Amino acid sequence: MSSNLPVLLFLVPFVMGVSMPLLTTKRRSWCPNITLGTFGVMLLLSIANLRVVLADGPIEYAFGGWAAPIGIAWLNDSLAAIVVLIISLVAVITQVYGRIDIAKDLQKSIPYYTLILIMVSGLVGIIFAADLFNVFVFLEVVALTGYALVGAAGGKSLVYAFRYLLLGSFGASLYLLGLGHLYVATGTLNMADLAVRIPELMTSTAVAGGLIYIFLGLSIKMALIPLHSWLPDAYASAPSSITPLLASTVTKVSLFAWIRIEYSLVAPGVEVSHVPVLVLLEEIGVIAALIGGALALIQTNLKRMFAYGGISHIGLILIGVSLGNTTGLAGGMFYLINDAVMQASLFMIAGALVYYHGAHTLEDLRGVGRQSPWLTGALIVAAVAMVGLPPTGGFFGKWNIILGALEAQHYFAAFAVLASTLLTLAYFLKIFSCWFHHPQHAPSDPLKVSNALRFSLGAISISMIALGLMSDTIFQFLIESITNGGV
Amino acid sequence: MFELLETLIQRPNFVVFVILFLWGIYIMAAHPNLVKKLIGLYIVQTSVIFFLVAFSAKDGATVPIIQAGAALVDSMLYANPLPHALTVTAIVVQIATLGVSLALVSAIYRKFGSLDEDEILEQLK
């Protein structure tokens with residue numbers, strides 16, 4: 001039973017998603033409850049899975065009893081277990097939030113809930129997959145449901161969803177092309193098997209080209225600058241009820257897939273025609289972190305600002321994991337987990353602002369602070385986490401990325417992390433100066449917000465702080481998991 | 001220069017792949033019509049599938065089913081099944097993408113009354 005947990009985690013949302021039309025045709029109002037219940041079950045299963053993995057160590061799940069490299073394998077290690085746990089947690093919280101802030105025509109739409117469930121099952125698949133082609137299939141499952149969900153808001157969002165589709169599918173084609181190159185050069189697609197065969201083939205142009213195509217394909221999916229252009233428009237116009245889940249998971253999980261590939265295939269210090277690969281990736285991360293922060297600073301639309309903030313954090317995580325030492329890698333992974341929670345929180349706040357105050361831009365925010373204490377509290381916690389102050393998890397992630405950069409003596413990377421922190425601080429100051437600005441009208445009484453919103457904002461803020469308080473424990477087993485050889 | 005030409009002529013499959021791939025990208029980038037952009041995307045995806053098929057082609061190979069009683073297996077006699085399995089899956093993904101994208105395009109047409117990207121962007125402002 002316990003060894004089947006990864007597959008159960010995948011099957012529960014998948015089966016519920018597929019059977020949603022059967023269950024709810026007569027009783028449309030059950031859709032949100034069934035979705036929430038499924039995510040609840042996933043949360044329990046992922047907690048159980050984490051306990052099993054921490055007790056027994058990494059488990060390789062071979063489908064049909066065919067061991068890798070001949071069969072298809074899933075790798076269930078502590079890193080995958082904790083990312084799945086965080087995604088289930090975010091899914092539960094955003095689903096509670098999605099019950100209030102949802103458009104009328106989506107409220108009882110069966111396809112909408114089916115898409116959410118199938119997307120989450122695809123995310124679980126990407127995280128556990130230990131095989132390049134498996135990652136491709138699940139990436140496409142997530143991407144296709146993502147396009148449909150972005151377009152679900154109708155109107156403008158259709159055009160942005162179409163643009164997302166063009167770029168995303170092109171990225172997937174590049175990924176498939178790279179995978180083909182690696183298969184030609186090595187004759188295997190299993191990551192552990194590739195890791196054995198690749199080091200001696202690093203001089204081959206097929207391997208180098210394959211890795212470049214895979215990186216390009218995935219960097220479209222993870223919205224790495226300069227391939228980010230689909231993200232801000234898509235997330236600013238997607239339905240508010242789903243944006244938190246999309247923003248917190250899709251890009252992060254694509255980055256997670258790249259980290260697994262990078263860690264197993266690119267050893268520290270590897271050079272391809274005199275270019276050190278990891279340093280190159282790190283510099284790309286530096287550029288993304290700085291430009292993303294600067295672009296966030298000049299936005300006036302709140303959702304777009306948060307979207308660019310997320311883009312800059314993708315760069316930060318890429319810096320951390322490309323430093324080539326354990327501290328940086330653990331810091332980057334920890335920051336990835338935190339970023340999933342922070343993005344969910346920010347987009348829930350932005351969605352609630354539109355729902356309760358009709359506030360889309362910074363100008364509209366004036367005086368909101370006096371009316372909505374719950375939103376103010378949640379925004380302050382989210383801002384502290386985004387800027388990276390203790391005791392939130394954001395601080396410990398950035399701290400370890402900087403420590404890793406100093407350890408590797410890459411002072412420019414350390415400086416870039418600090419500079420992007422300053423940019424983050426600057427755009428949050430911009431938000432707060434409007435937030436607490438004297439209201440244009442006479443201040444009204446505090447708005448009544450629903451309990452579901454209070455619960456979701458409270459839960460996400462608590463989890464940001466809890467991640468910070470538990471950072472020591474999480475780091476311990478992240479580092480253990482890395483030194484034991486498996487990311 | 002001559003050597004490059006020689007290697008190209010020896011690998012016509014891959015030359016076709018490169019031409020299709022670049023052609024697809026060009027159509028995606030250059031045509032303002034959304035359906036034509038989709039056709040470009042479709043060509044790109046098909047070219048990658050063509051690449052997968054091209055590198056797995058083997059002269060005189062048969063289906064990879066080993067007959068009972070065959071003591072020694074000569075791998076040169078059998079086609080490699082894995083790239084073909086990848087191809088089938090990639091085609092399924094491609095069809096699913098096409099379905100979603102056509103649904104989006106028809107929704108865009110109903111909403112904006114046009115398939116021209118410039119006209120749609122004009123209306124978005």
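A residue counts as buried here when its relative accessible area is under 20%. Keep that cut-off in mind, as it comes up several times in this walk through a predicted model. Take the cysteines to begin with. A:C434 has a relative accessibility of 11%, so it falls on the buried side of the cut-off. A:C31 is buried too, this time with a value of 0%. Are there disulfides anywhere? A disulfide would be a covalent bond between the sulfur atoms of two cysteines, and a search over all chains turns up 0 of them.

Now for the pockets. The largest pocket holds about 590 Å³ of space. Its lining is made up of 20 residues, and the ones closest to the centre are A:P69, A:I70, A:G71, A:Y183 and B:L82. Which elements give two or more residues to this lining? They are helix 6 of chain A, covering 132-151, and helix 4 of chain B, covering 81-112. Helix 4 of chain B supplies the largest share, with 5 residues. As for chemistry, the lining of this pocket splits into 11 nonpolar, 7 polar and 2 charged residues.

While we're on helix 4 of chain B, have a look at B:Q94, which sits in that helix. Is B:Q94 buried or exposed? Its relative accessibility is just 4%, so this glutamine counts as buried. Leaving aside residues up to four places away in sequence, B:Q94 touches B:Y42, B:Q45, B:T46 and B:I49.

Back to the pockets, and on to the second largest, with a volume of about 360 Å³. Here 22 residues form the lining, and those nearest the centre are A:A238, A:S240, A:K303, A:V354 and A:H360. Four helices of chain A give two or more residues each: helix 4 (104-107), helix 10 (231-237), helix 13 (302-321) and helix 14 (326-357). Helix 14 of chain A gives the most, namely 4 residues. Sorted by class, the lining of the second largest pocket comes to 13 nonpolar, 6 polar and 3 charged residues.

Helix 10 of chain A is also a handy landmark for some backbone oddities. Most residues other than glycine have a negative phi, and most peptide bonds are trans. The loop between helix 9 (205-221) and helix 10 of chain A is worth a stop on both counts. A:P226 lies in this loop, and the peptide bond that joins A:I225 to A:P226 is cis, with omega at about 10°. A:A223 belongs to that loop as well. Although A:A223 is not a glycine, its phi is positive, at about 60°. With a relative accessible area of 0%, A:A223 is therefore classed as buried.

Further along chain A there is another cis bond to look at. It runs from A:P390 to A:P391, and omega is near 10°. You'll find A:P391 in the loop between helix 16 (373-387) and helix 17 (393-407) of chain A.

On the other side of helix 17, the loop that leads to helix 18 (411-435) of chain A contains A:Q409. This is another residue that is not a glycine but has a positive phi, at about 60°. Is A:Q409 buried or exposed? Its relative accessible area is 56%, so A:Q409 counts as exposed, whereas A:A223, with its own positive phi, is buried at 0%.

Conventions:
Residues numbered from 1 in each chain as written. Chains lettered and ligands numbered in written order. Predicted model: local features only at pLDDT ≥ 70, side-chain atom pairs only at ≥ 80, totals over all residues. Heavy atoms only, no water. 1 Å grid on protein atoms, 1.4 Å probe; cavity = no way out; pocket = protein on both sides within 12 Å on 5 of 7 lines; lining within 4 Å. Points joined across faces, edges and corners; volume = space filled by probe spheres on them. Nonpolar A, V, L, I, M, F, W, Y, C, P; charged D, E, K, R; others polar. Disulfide = S-S within 2.5 Å. Buried < 20%, exposed > 50% of the residue type's maximum accessible area, 1.4 Å probe, protein only. Contact = heavy atoms within 4.5 Å.
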